[in-house]
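Biologist: Could you take me through this structure step by step? I would like each term explained when it comes up.

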Amino acid sequence: MGKYRCSVCNWTYDEEAEGQDFDSLPDTYTCPVCGAPKSAFVQEGGVKEERGVETTVADKIVEQLEAFGVRYVYGIPGDSNLPLIDAIRRSDKIRFILTRHEETAAFMASAHGKMTSELGVCISIAGPGCTNLITGLMDAATDRSSVLAFAGQVPEVYLGSEAFQEIDQIELFKPFTEFSETIARDNQALKLLTMAVKYAYRKPGVSVLSTPTDILAEKLGEKVYPPEKRLFINKTSPKEEDVQRAAELINGCEKVTLFAGWGSRHSRDLLLEMSQKLKAPIATTSRAKGVIHETERFSVGVLGSIGSKHAAQAIKNSDLIFIIGSGFRQANLVPAGVKMIQTDIDPTKIGKTFDVDVGIVGDADLVLKELMPLIDEKEENKEFLDHIDQMKASHREELETEANDLSIPINPGYVVQAIKRHAGKDAIICVDVGDHTYWFYKKFVCEGQRTFMSANIASMGFALPASLSAKLDYPDKQVICVTGDGGFGMLMGDFTTAVREGLDINVIVFNDGKLKNIKKEQLRDNYPEYGVSFPNPDFAGFARSAGGEGYRIEDPTQLDEALEKAFNSEKAALIDVVVDPDKTAASTKRVD
């Protein structure tokens, strides 16, 4: 016999006193004091034993994830998450992707969120499994990717007793997550899971659920929540007066440059329409590289330290810059006196580091749609555009020169142009962090290819996990991983994951035997080169030993053949290109 308390007025139903089990009461039963329905009652004195229930908390979590459309969970199993892993095993809608390292799992979840705008999900065990997730989760948090992490935990009854692998997970993740909670009772599971997903989508950002293993194994018979009644994702419409002020400012300026950020990634057609209507150059952030085909008449490529000189030139000579979906950290490239319009879904990003003449809070596509009818069509400003066109022509000549440079050691610019010759127009290219990042973003001209990177935290090791995620999400597309020997070496063990899962990714390693970007920073700050060189293993041999294809290239005349073989293979392939360790890419600074 038990007692059940009304959660509205706290009146208690005592089975012994009433002479009837609470469960046997009809569904129409209401609290005799406040009239609350039967569903408002909770059992007192412990967790309710549900009679005849076969499903566990873990089963219901997986069922709820299925309802939310989750297709993959990336991670590593262990004692503290086995009930959840087994529930995934029995799912016919969710596939578990075993990784060699939890950092890979978190990066894969982050990349999935970036590429699809859907929820990425990863899982770890307690203790070191959780700490290994942090870098990938920080990437998701800072790049605003929707991610949910399940952190396996020691049994709830042992929490606080310094149990084996016990750490304070909530305190660990709280500083950078949107939502972090422990599922401490069975009847919390679906509520907390749904809240975690809501918060992950809201910013977007990262949610973490700590899941004590004994709670995961408890019985739970609740029905999962229908997503159409619980999960709502909305766009932000701009204020009409802000759009009107922006239109008036645009119409009153002669030389307008558009600057498109990650927030405009779904607005390609609208960006092009506005650029053509205003005869305005259009630059992008590094994250938005490829949103606009860089062969378009008014495209000037990426703006910033890894961007092009002609993008910096367009900014320098403008009298108005219209920033669309970006926090715009490149303000140091802008001369004094240039007027600014900025739009973003996050009002804290607008005017964060510089004065803004018009700020518009709203989604890029909604802002552009409302603004388009209000702006006047402009004539080409020949003086404004001619210098940019000359710089673009000079850039094309530079690329052509590098495409024909057969020097040894291999010019990194030659490698980029070789990749361009073999990359499909709809290829997905995941780029790691290092000196090769500068070469790629400056030298690769996107014509439909989509590019992804670890942007704000700029973590080495991102590109390989991102490539795995990309191939799972887009199995029919060509997926290219552009990485350095430093970044690849961090998580290279997960090349075996590509082989095991049948993911025919193409990994191009810029092998210079050192952390060349760090060397460049040492020299810039008048330090001697130190602690940045390492002997590399045989990357190509490793790829072959893992069951993939591997090619080592020291002669540039052999690179095209290797790329063709790799890109046409049905296996995961790696091309280890020995590049010039002394040839570094320069940062783009203000053009005077």
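Modeller: The following exchange goes through cysteines, aromatic rings, one charged residue and two helices.

Biologist: What kind of model is this, and how are residues numbered?

Modeller: This is a predicted model, in which local features need pLDDT of at least 70 and side-chain atom pairs count only at pLDDT 80 or more, while totals for chains, interfaces and linings use all residues. Residues are numbered from 1 along each chain as its sequence is written, and side-chain values use heavy atoms, leaving out hydrogens and water.

Biologist: How many disulfides does a search of the whole structure find?

Modeller: The search finds zero disulfides, a disulfide being a pair of cysteine sulfur atoms within 2.5 Å.

Biologist: Why is there no bond for the sulfur of Cys122?

Modeller: The closest cysteine sulfur, in Cys130, is 9.9 Å from that of Cys122, which is too far for a bond. Cys122 is also buried, with a relative accessible area of 0%. Buried means under 20% relative accessible area, exposed means over 50%, and partly exposed is in between, using a 1.4 Å probe and protein chains only.

Biologist: And which cysteine sulfur is closest to that of Cys430?

Modeller: That is the sulfur in Cys481, at 6.8 Å, again too far for a bond. Cys430 is buried, with a relative accessible area of 0%.

Biologist: Turning to rings, how many aromatic pairs does the search find?

Modeller: It finds 19 aromatic pairs in the whole structure. One of them is formed by Phe488 and Phe539, edge-to-face, at 5.5 Å centre to centre and with 80° between the planes. Rings of Phe, Tyr and Trp (its six-membered ring) pair if their centres lie within 6.5 Å; planes under 30 degrees apart count as stacked, over 60 as edge-to-face and the rest as tilted.

Biologist: Where in the chain are Phe488 and Phe539?

Modeller: Phe488 is in helix 18 (residues 485–491) and Phe539 in helix 21 (residues 539–545), so this pair links distant parts of the chain, 51 residues apart. Helices (H or I, at least four residues) and strands (E, at least two) are DSSP runs, numbered from the N terminus. Phe488 counts as buried at 2% relative accessibility, and Phe539 does at 1%. Phe495 and Phe542 form a tilted pair, with ring centres 6.1 Å apart and planes at 55°.

Biologist: Now a charged residue: where does Glu447 lie?

Modeller: Glu447 lies in the loop between helix 16 and strand 17 (450–452). At 23% relative accessibility, Glu447 counts as partly exposed.

Biologist: Which residues is Glu447 in contact with, apart from its neighbours within four places in sequence?

Modeller: Those are His293, Thr295, Lys420 and Lys425; contact means heavy atoms within 4.5 Å. The side chains of Glu447 and Lys420 make a polar contact at 2.9 Å. A polar contact is a pair of N or O atoms within 3.5 Å; within protein, one must be able to donate a hydrogen and the other to accept it, and residues adjacent in sequence count only if both atoms are side-chain atoms.

Biologist: Lastly, which residues of helix 20 are buried?

Modeller: In helix 20 (residues 516–524), they are Lys516, Asn517, Lys519, Lys520 and Gln522. Their cover includes helix 15 (412–422) and helix 16 (435–443).

Biologist: And what comes just after helix 11?

Modeller: Lys279 does, with a positive phi of about 55°. Within helix 11 (residues 268–278), the buried residues include Leu270, Met274 and Leu278.
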